[in-house]
Amino acid sequence: MRVFVLAGSSRSGSMNRRLASLVGGLVTRSGPTVDLARLADFPMPAYDGDTEAGEGPPPAAVALRDRIEAAQALVIASPEYNASVPGVVKNAIDWVSRFRPQPFKDKQTLLVSASPSMVGGNRGLWALRVPLEHLGARVYPDMFSLAGAHHAFTEDGELTDPQLAERLTQTVDSFLDLAEADTRYLCLQRRWYEFLGDGTDAPVTARAQD
């Protein structure tokens, strides 16, 4: 199984890049192959319909789409900006959402965040769930938010709090179990059709299960 771990921050020294790296290590220890990236690897202009119509999607959007499609599971470590999802993260989702088939559809997805605030970026993750679930991603219910993240990491990138470290490990392991079951046992798949142009014959608002 292949897991794409994306740090949703472009800043060098980002706490979410450190969290993404930590999650990547936990995934590797469990067996799957990890593809680790940061949003700065995919520079894109602000989404504009005229630009898309005239020039097509930017190369970075194509590259991000390809990385998502190549993985059976997706992890996003996203910052929180003003109690919501960062604009650069939403912009990347908006560009990638224009491809058909929809790369987020049915993708097992885990959301994590790190923030110096006492809520750990949790509000931003709730905002991030909305577009991802609308696009058909299967967002794992148990998100992980690391509060006080500027003091939460050791020099070697581990968490200083053993209880938080254990919770993160359990969250990642449980998510991987679900993603592996979804990959191996197709009878568990549930699909939502919530947007036009997905290539199905189902009504837009119908729920199909097989």
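This passage looks at an enclosed space inside a predicted model and then at one serine, Ser-113.

A convenient place to begin is the interior. Rolling a probe the size of a water molecule over the atoms shows where empty space is left. In this structure, one cavity of 30 Å³ or more was found, and the largest cavity holds about 90 Å³ of space. Its lining is made up of Phe-4, Leu-6, Gly-8, Leu-39, Leu-64, Ile-68, Leu-74, Ile-76, Val-89, Ala-92, Ile-93 and Phe-104. Sorted by class, eleven of the lining residues are nonpolar and one is polar, while none is charged.

Several elements come together around this space. Strands β1 (2-7) and β3 (73-77), along with helices α3 (59-69) and α4 (87-96), each contribute at least two residues to the lining of the largest cavity. Of the contributors, α4 gives the most, with three residues.

Attention now turns to Ser-113, which belongs to strand β4, spanning residues 108-114. The relative accessible area of Ser-113 is 0%, so this residue is classed as buried, the cut-off being under 20%. The side chain of Ser-113 makes a polar contact of 3.3 Å with the side chain of Ser-145. Leaving aside residues up to four places away in sequence, Ser-113 touches Asn-16, Leu-19 and Ser-78. The list of its contacts also includes Gly-120, Gly-121, Asn-122 and Leu-125, as well as Phe-144, Ser-145 and Leu-146. Ser-145 therefore appears both as a contact of buried Ser-113 and as its side-chain polar partner.

Note on methods: Residues are numbered from 1 along each chain as its sequence is written. This is a predicted model: local features need pLDDT of at least 70, side-chain atom pairs count only at pLDDT 80 or more; totals for chains, interfaces and linings use all residues. Side-chain values use heavy atoms; hydrogens and water are left out. On a 1 Å grid over the protein atoms alone, a cavity is a set of points where a 1.4 Å probe fits but cannot get out, and a pocket is an open set with protein on both sides within 12 Å along at least five of seven lines; lining residues have an atom within 4 Å of a point. Grid points are joined across faces, edges and corners, and a volume is the space filled by probe spheres set on the points. Helices (H or I, at least four residues) and strands (E, at least two) are DSSP runs, numbered from the N terminus. Ala, Val, Leu, Ile, Met, Phe, Trp, Tyr, Cys and Pro count as nonpolar, Asp, Glu, Lys and Arg as charged, and the others, Gly among them, as polar. Buried means under 20% relative accessible area, exposed over 50%, partly exposed in between (1.4 Å probe, protein chains only). A polar contact is a pair of N or O atoms within 3.5 Å; within protein, one must be able to donate a hydrogen and the other to accept it, and residues adjacent in sequence count only if both atoms are side-chain atoms. Contact means heavy atoms within 4.5 Å.
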